[in-house]
Amino acid sequence: MIPLPTNSEILADSDAVARAAAERLTALCAAAPDRPIAVCLSGGSTPKRLYALLAGPDYRGALPWARLHWFFGDERHVPWDDAASNVRMVRDAFADAPIPPGNLHGIPANGSLAEDTAAYEAALKAFYGAAALDRNRPLFDLVLLGLGEDGHTASLFPGKAAIDEAHAWVAPVPEAGLAPFVPRITLTFPALASAHGVLVLVTGEAKRTPLQRLAEGEDLPAARITGPVTWLLDRAASDT
Ligand code: 6PG
């Protein structure tokens with residue numbers, strides 16, 4: 001068994017990981033019944049099960065879709081109808097969910113990398129409004145993250161400048177560290193930590209290596225995930 005990150009929960013399989021995350025979100029919505037809820041979504045393949053579960057019969061009726069706002073932790077800088085787009089992946093997974101049009105806040109992908117990075121930062125600020133920024137209220141109620149085989153999270157890759165961004169909420173990533181090798185736009189570690197809860201969903205045997213490297217103290221980007229973090233691992237990833 002791999003020494004696991006602090007605050008890890010081991011679940012039987014990827015479906016159990018998805019269900020545990022769905023339960024966390026449902027409870028979070030119930031605990032805040034009278035205000036908008038901001039969720040930051042992760043991309044890639046791991047969370048697809050969770051998103052389909054949320055839009056499915058077990059959870060669709062339990063979630064307050066009208067006041068749930070969905071943001072993205074990162075995006076491949078491609079058109080939203082591109083197969084590599086996280087917005088497309090989420091829209092497909094949420095196809096049956098009653099999301100009001102203004103509640104899905106995709107990272108823009110129609111200008112230059114710099115323009116779209118600035119546009120997403122401006123959209124976050126507009127959502128929160130000036131007053132909220134002064135109160136230092138967390139940006140998100142829940143942040144969902146994944147773990148790449150190289151130890152990245154969001155689009156914060158080893159050796160890329162964005163991992164060291166300490167002030168901006170959003171950063172451009174001209175060169176991705178793993179496929180798809182397209183430019184990325186990512187939230188930074190300060191933005192990802194600005195949450196009431198952070199869930200890192202890690203499933204499958206392929207993630208044993210990055211988990212082992214984290215356990216050995218390597219300064220991988222995922223080692224820099226902070227805030228109120230819980231790692232939801234399945235047995236395959238945690239080698240148990
Ligand atoms: C992305 C994700 C990325 C992902 C990891 C794990 O845009 O690709 O945000 O950070 O979470 O690469 O990806 P898998 O879930 O596909 O293993």
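Q: In this predicted model, which residues surround the ligand most closely, and what makes a residue count as near it?

A: There are 15 residues around the ligand, and the closest are S45, T46, D74, A154 and K207. A residue counts as near because one of its heavy atoms lies within 4 Å of the molecule.

Q: What is the make-up of that shell by class?

A: The shell around the ligand has nine polar, four charged and two nonpolar residues.

Q: What makes the pair formed by the ligand and the side chain of S45 a polar contact?

A: An oxygen atom of the ligand is 2.7 Å from an N or O atom in the S45 side chain. A polar contact is a pair of N or O atoms within 3.5 Å, so this pair qualifies.

Q: Which polar backbone atoms are in contact with the ligand, and how do you know that they count?

A: A polar backbone atom of A154 is 2.6 Å from an oxygen atom of the ligand. For G43, a polar backbone atom is 3.2 Å from a ligand oxygen. The limit is 3.5 Å, so both pairs count as polar contacts.

Q: How much of the ligand does the protein cover?

A: On its own the ligand has 420 Å² of accessible area, and the protein covers 87% of that.

Q: Where does the ligand sit, and what is needed to say so?

A: The space taken by the ligand is the largest pocket. To sit in a pocket, a molecule needs more than half of its atoms within 2 Å of the pocket's grid points.

Q: What is this pocket like?

A: The largest pocket has a volume of about 380 Å³. It is lined by 22 residues, and G43, G44, L147, G148 and H152 are the closest to its centre. By class, the lining has 10 polar, seven nonpolar and five charged residues.

Q: Why is the peptide bond from A179 to P180 worth pointing out?

A: This bond is cis, with omega near 0°. Most peptide bonds are trans, so a cis one stands apart from most. P180 lies in the loop between β6 (170–173) and β7 (184–187).

Q: What is the phi of N7, and where is N7 placed?

A: Phi of N7 is near 60°, a positive value in a residue other than glycine. N7 is in the segment before β1 (8–11). Most residues other than glycine have a negative phi.

Methods: Residues are numbered from 1 along each chain as its sequence is written. This is a predicted model: local features need pLDDT of at least 70, side-chain atom pairs count only at pLDDT 80 or more; totals for chains, interfaces and linings use all residues. Side-chain values use heavy atoms; hydrogens and water are left out. On a 1 Å grid over the protein atoms alone, a cavity is a set of points where a 1.4 Å probe fits but cannot get out, and a pocket is an open set with protein on both sides within 12 Å along at least five of seven lines; lining residues have an atom within 4 Å of a point. Grid points are joined across faces, edges and corners, and a volume is the space filled by probe spheres set on the points. Ala, Val, Leu, Ile, Met, Phe, Trp, Tyr, Cys and Pro count as nonpolar, Asp, Glu, Lys and Arg as charged, and the others, Gly among them, as polar. A polar contact is a pair of N or O atoms within 3.5 Å; within protein, one must be able to donate a hydrogen and the other to accept it, and residues adjacent in sequence count only if both atoms are side-chain atoms. Accessible areas come from the Shrake-Rupley method with a 1.4 Å probe; for residues, only the protein chains shown count as cover. Helices (H or I, at least four residues) and strands (E, at least two) are DSSP runs, numbered from the N terminus.
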